[in-house]
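Please report on this complex. Cover its DNA-facing surface, the chain contact and one helix pair.

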There are 2 protein chains.
Amino acid sequence: MSNPAHQAALAPDTRTRILDLAETLLLERGFNAFSYQHLAKELGVKPAAIHYHYPSKDDLGTALVTRQLRRLRKWRDLPRVADLPPAAQFEALLAVYDNHLGHDRRVCLFGALAADFRTLPPAMQAELRTFNRELTEWLAQVLAVGRATGGLRFVGSPAAKAAQVLITLAGALQAARVHDETPFQVIVGQLRLELLA
Amino acid sequence: MSNPAHQAALAPDTRTRILDLAETLLLERGFNAFSYQHLAKELGVKPAAIHYHYPSKDDLGTALVTRQLRRLRKWRDLPRVADLPPAAQFEALLAVYDNHLGHDRRVCLFGALAADFRTLPPAMQAELRTFNRELTEWLAQVLAVGRATGGLRFVGSPAAKAAQVLITLAGALQAARVHDETPFQVIVGQLRLELLA
DNA sequence: ATACTTACTTACTAATTAGTAAGTTTCTTT
DNA sequence: AAAGAAACTTACTAATTAGTAAGTAAGTAT
């Protein structure tokens, strides 16, 4: 009965606490801007304890992206998301980015890793590509159905529009980091104005 | 007569070579992913020579952004840019990003620094804000005139559209880095389709 | 009771980092 | 010709980095 899956909402184990903190630092400061020492100090353990769970920073980084990919798939297939009409699915997507903004203006995973992409371990690069591809495919489908059923309006192909919208949202969070929340709100307002029929 | 300004197209001095290489590394790998040692080794000088010209990495980083800001102002005011009709000015902007793509898929300055923004020296943060603000203001003006004279088409305020377009272009270069040139071409194609009347 | 596994800590290494101080060479100015 | 400034190199420090090896304590399985 020591399976962590049965601990419900109890305190997470060290393995998860490491991943949570690493995610926070990644999204707030960048992948090359935190070390095992930072993690260890803040978690009250020794750096070697982090190496025990994630032997190298490559492993840790890859686990981070893999978890986010799992979350995406889970979120996308949730009844409260999958069963919505397209315009509401688009709003649900915007709510995710708005939530990032509310959490100390965290950028999204893609926005955090894209610039440093070439310094990332290959496994992490591959996972990030998959993550972005699946998210884009999901939104392209939402847009296609939304235009067909009249809830969403745009020109061009759904795939092109999906790529454009997602990149814009990632960039809007980056703009919020560099300036303040205003550019994010302005850009998301512009997206809504153009897309919602 | 040893003033570097008189050397015309001759070999640049060490000071400029440092800045050029640092810019390349910044745009290709990120600000926290290169060191004075990297610079020194590639330039064939000792690390202390870099410190002589740019005492700290903060100074180097700030000089990088300051130079880019100078370039923006110069480019914007160039007769061959300033005298163009708005739609052609927009195309001139796209050509700049296309040029980044052609140079080993370099991201733009904003896209390179936004994620790591909180780890940057304050002077660098301030310069980047100014850079982004001036670029956005320039494009907003182009868009306003373009819509008034019929060459460009969009809904909403010119300022909002300018912010959205620039962030999209920055993001398109990041997408090209993560995947390949395709998403960049797709996204820029979408922008053209929507904006050009 | 014994063996094994999990989750660590202690103690270390080798490499890399930014940065400094002092000395050297070469060019420029007077 | 002498003085000074510019552009370095040599030699160093102190801190930080990822990563490893060996040991330990507590829980689990047989």
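In this predicted model, the surface near DNA strand D has eight nonpolar, seven polar and two charged residues. Ala, Val, Leu, Ile, Met, Phe, Trp, Tyr, Cys and Pro count as nonpolar, Asp, Glu, Lys and Arg as charged, and the others, Gly among them, as polar. In total, 17 residues surround DNA strand D. The closest are Ser35(A), Ser56(A), Thr14(B), Ala48(B) and Ala49(B). A residue is near a strand if its C-beta atom, placed from the backbone, lies within 6 Å of it. Two or more residues each come from α2 (36–43) and α3 (47–53) of chain A and from α3 (47–53) of chain B. Helices are DSSP runs (H or I, at least four residues) and strands likewise (E, at least two), numbered from the N terminus.

Residues are numbered from 1 along each chain as its sequence is written, chains are lettered from A and ligands numbered from 1 in the order in which they are written. Local features need pLDDT of at least 70, side-chain atom pairs count only at pLDDT 80 or more, and totals for chains, interfaces and linings use all residues.

UniProt, in an unreviewed entry, places two features on chain A, tabulated here. Their positions follow the numbering used here, names are shortened, and annotations may be inferred rather than shown by experiment.

| UniProt feature (unreviewed entry) | Residues of chain A | Helix | Strand | End C-alpha atoms apart |
|---|---|---|---|---|
| domain: HTH tetR-type | 12–72 | 77% | 0% | 21 Å |
| DNA-binding region | 35–54 | 75% | 0% | 13 Å |

Next, the chain contact. It takes 40 residues from chain A and 40 residues from chain B. Contact means C-beta atoms, placed from the backbone, within 7 Å. On chain A, α1 (14–29), α7 (109–113), α8 (122–148), α9 (158–178) and α10 (181–195) each supply at least two residues. α9(A) gives the most, with 13 residues. By class, this side of chain A has 19 nonpolar, 13 polar and eight charged residues.

How are the two copies related? A rotation of 180° with 0.0 Å of shift along its axis superposes chain A on chain B, at RMSD 0.0 Å. The copies are thus related as by a two-fold rotation axis. The fit is by least squares on C-alpha atoms of residues with pLDDT of at least 70 in both. Of the residues of chain A, Thr168(A) comes closest to the axis, at 2.4 Å (C-alpha). The same surface serves both copies: 100% of the contact residues of chain A recur in chain B.

Last, a helix pair. In chain B, α6 (residues 86–102) and α8 (residues 122–149) pack at an angle of about 145°, with their axes 8 Å apart. Pro86(B), Ala87(B), Gln89(B), Phe90(B) and Leu93(B) of α6(B) meet Leu139(B), Val142(B), Val145(B), Gly146(B) and Thr149(B) of α8(B). This contact has seven nonpolar, three polar and no charged residues. Axes are lines fitted to C-alpha atoms, for helices over the stretch in contact, and angles run from 0 to 180 degrees between N-to-C directions.

Terms used:
Contact = placed C-beta atoms within 7 Å.
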